[in-house]
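Below are some notes on the structure you sent, set out as numbered points so that each can be checked against the coordinates.

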Amino acid sequence: MSKILDGAVLAVSLERVVSLLRRLAPADDVSLTKAATLRTLDVHGPCRLSELAVREGITQPAMTQLVSRLEQDGYAERRSCAGDARVVMVHLTAAGADVLRRRRAARARRMSELAEHLSAEDRAALAAALPALDRLVTTDPTLPGSTSV
C-alpha cells in the first residue's frame, strides 16, 4: 500500500535536517552565508554578482559586501569576463574549494557517526530517499538552480 506524501510533514522534516546540518558545521571562521555562496560557486562555476545574489536570495548590495569579505579571506576573487571586460565574474579560489572540502568532510564524519545509531532498515531507507531528494531540489523551475524546464 502506497503512502501519501504530506507536504507539511516533509517540510518540517527537512527543516529539522537543515537545522542538524547547521549544527554539524565545523566551528571555523566561515559563516553559513559564506559557505552557501562558496557552494554556489563550486556547483555553478563563476557567476556575476547579480546572479549570485539571486541564487542566494539576498540583495545585490549585500552580495557585494559578502563577496568582498570572501575576497579578503582568500576564498573568492573577482575577474573580468574574457568575452566582455565590462562584466565581472566571481570565481572560487583554491582556498575556497579547500574550505568547502574540509567542511563537507567534517559534516560527513558526524553524519556517519549519527547514522551508526540507526537501524539497518533506517539507514537503507535514507539511502533509498537520496535520489528523490536530489530530484526534489531541481523540480521547481521558479527557483534558482532548478534544472526543470
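**Notes on the sheet, the core and the pockets**

1. Strands β2 and β3 pair in the antiparallel sense, and 5 bridges join them. In this predicted model, β3 also pairs with β1, again in the antiparallel sense, over 2 bridges. The result is an open sheet of 3 strands in the order β1-β3-β2, in which β1 (47-48) and β2 (76-80) are the edge strands, each pairing on one side only.

2. The individual pairings can be followed at residues 89 and 90 of the strand β3, which covers residues 88-92. Met89 in β3 stands opposite Arg48, and Met89 also stands opposite Arg79. Val90 in β3 is the bridge partner of Cys47.

3. Which residues does Val90 contact, once its neighbours within four places in sequence are left aside? They are Leu41, Pro46, Cys47, Leu49, Leu52, Val67, Ala76, Glu77 and Arg78, and one of them, Cys47, is also the bridge partner of Val90.

4. Val90 appears again in the largest nonpolar core, which has 17 residues and in which Leu52, Met63 and Val90 touch the most other members. The elements that give two or more residues to this core are α2 (32-44), α3 (49-56), α4 (60-73) and α5 (94-115), and the largest share, 4 residues, comes from α4. As general background, nonpolar side chains in soluble globular proteins tend to be buried together.

5. The largest pocket deserves a separate look, with a volume of about 2600 Å³ and a lining of 48 residues, of which Leu14, Val17, Val18, Leu21 and Val137 are the closest to its centre. At least two lining residues are supplied by each of α1 (7-24), α2, α3, α5 and α6 (120-137), with the largest share, 12 residues, coming from α6. By class, the lining divides into 28 nonpolar, 7 polar and 13 charged residues.

6. Is Val18, one of the residues closest to the centre of that pocket, buried, partly exposed or exposed? Val18 has its place in helix α1, and because its relative accessible area is 39%, Val18 counts as partly exposed, the cut-offs being under 20% for buried and over 50% for exposed. For a sense of distance, Val18 and Thr64 are 46 residues apart in sequence and lie 26 Å apart in space, C-alpha to C-alpha.

7. The second largest pocket holds about 160 Å³ of space and is lined by Val12, Ser13, Arg16, Val17, Ser19, Leu20 and Arg23. This lining has 3 nonpolar, 2 polar and 2 charged residues. Val17 deserves a second look when the pockets are displayed, since Val17 is listed both in this lining and among the residues closest to the centre of the largest pocket.

8. Taken as a whole, the protein has 6 helices and 3 strands, and from the N terminus on its elements run α-α-β-α-α-β-β-α-α. The C-alpha trace spans about 60 × 35 × 25 Å along its principal axes, and buried residues make up 21% of the 149 residues. Among contacts between residues at least 6 apart in sequence, 48% join residues at least 24 apart.

Methods. Residues are numbered from 1 along each chain as its sequence is written. This is a predicted model: local features need pLDDT of at least 70, side-chain atom pairs count only at pLDDT 80 or more; totals for chains, interfaces and linings use all residues. Side-chain values use heavy atoms; hydrogens and water are left out. A nonpolar core is a set of buried Ala, Val, Leu, Ile, Met, Phe, Trp, Tyr and Cys residues joined through side-chain atoms within 4.5 Å. Buried means under 20% relative accessible area, exposed over 50%, partly exposed in between (1.4 Å probe, protein chains only). Contact means heavy atoms within 4.5 Å. On a 1 Å grid over the protein atoms alone, a cavity is a set of points where a 1.4 Å probe fits but cannot get out, and a pocket is an open set with protein on both sides within 12 Å along at least five of seven lines; lining residues have an atom within 4 Å of a point. Grid points are joined across faces, edges and corners, and a volume is the space filled by probe spheres set on the points. Ala, Val, Leu, Ile, Met, Phe, Trp, Tyr, Cys and Pro count as nonpolar, Asp, Glu, Lys and Arg as charged, and the others, Gly among them, as polar. Two strands pair if DSSP finds at least two bridges between them.
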